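Biologist: Could you walk me through this fold?
Modeller: Yes, here is the structure.

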Amino acid sequence: MAKKKTICIDFDGVLADYSEGYQGKDIFGDMVPNADIATGVLKKNGWTIIIYTTRPATDALKKWLKDNNISYDYINENPDQPEDSKGCKLMADIYLDDRGMSFSSWNAWTMRDIAEFEPNSAASKKKDQEQREFEACYKEGDIWKRGREKRLKNIGGKLQEVGDVIK
Ligand SMILES: [Mg+2]
């Protein structure tokens with residue numbers, strides 16, 4: 001039988017919506033869609049699930065996890081971790097985090113990814129806003145009156161807005 005694997009899952013931005021950022025102790029966002037089903041599948045497939053969060057394991061947090069049917073084993077602890085390796089970081093096979101980057105090597109792309117990094121919650125909020133603006137343009141009914149198109153130019157290998165298409 002394959003060795004049981006451990007996954008550390010971040011709370012804010014992965015299990016609970018974090019698009020509004022930190023709102024205070026024991027104030028949590030709505031469940032990220034399908035977090036209940038996904039953690040249930042992991043659990044069923046034999047994963048040990050650790051909620052790995054900056055938040056303390058309060059009763060309110062445990063209640064939120066229970067109310068939202070999140071499957072997990074521990075919060076901010078890995079009891080299977082050897083005594084001589086108990087630093088701050090928990091041992092796991094995978095860390096699932098909205099602020100994580102997967103490391104392969106130190107190179108120019110890694111440096112660029114760090115410089116341009118945006119957590120998924122911020123990126124999706126921005127995308128939602130862009131989508132709403134885009135849809136609002138179409139509601140006006142006349143594609144040529146939308147007026148939000150920007151002329152794009154390749155500047156140093158990146159597309160940048162350089163002015164309005166329609167003045
Ligand atoms: Mg997070």
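What follows is a conversation about the sheet, the crossovers and one helix.

Biologist: Before we start, what kind of model is this, and how are residues numbered?
Modeller: This is a predicted model, in which local features need pLDDT of at least 70 and side-chain atom pairs count only at pLDDT 80 or more, while totals for chains, interfaces and linings use all residues. Residues are numbered from 1 along each chain as its sequence is written.

Biologist: How many helices and strands are there in the protein?
Modeller: The protein has four helices and six strands, where helices (H or I, at least four residues) and strands (E, at least two) are DSSP runs numbered from the N terminus. Along the sequence they follow the pattern β-α-β-α-β-β-α-α-β-β.

Biologist: What is the strand order in the open sheet?
Modeller: Four strands form it in the order β3-β2-β1-β4, with parallel pairing; strands count as paired if DSSP finds at least two bridges between them. The edge strands are β3 and β4 (94-96), each of which pairs on one side only.

Biologist: And how many bridges join β1 and β2?
Modeller: Strand β1 (residues 6-9) and strand β2 (residues 48-51) pair in the parallel sense over four bridges, with Thr 6 opposite Thr 48 and Ile 7 partnered by Ile 49. Between these strands the chain passes through helix α1 (residues 35-44) in a right-handed β-α-β crossover, meaning that, with the strands pointing away from the viewer, the path from the first strand over the helix to the second runs clockwise.

Biologist: Which helix lies on the way from β2 to β3?
Modeller: β2 and β3 pair in the parallel sense over two bridges, and Ile 50 stands opposite Tyr 74 in β3. The chain crosses from β2 to β3 through α2, and this β-α-β crossover is right-handed.

Biologist: Switching to α2, which of its residues are buried?
Modeller: In helix α2 (residues 59-67) they are Leu 61, Trp 64 and Leu 65; a residue is buried if 20 or more other C-beta atoms, placed from the backbone, lie within 10 Å of its own, exposed if 12 or fewer, and partly exposed in between.

Biologist: Why do they line one face?
Modeller: Seen down the axis of α2, the buried residues fall within an arc of 95°, so they line one face of the helix; the arc is that of the directions from the helix axis to the C-beta atoms.

Biologist: What does the face turned away carry?
Modeller: That face of α2 carries the exposed residues Asp 59, Lys 63, Lys 66 and Asp 67.
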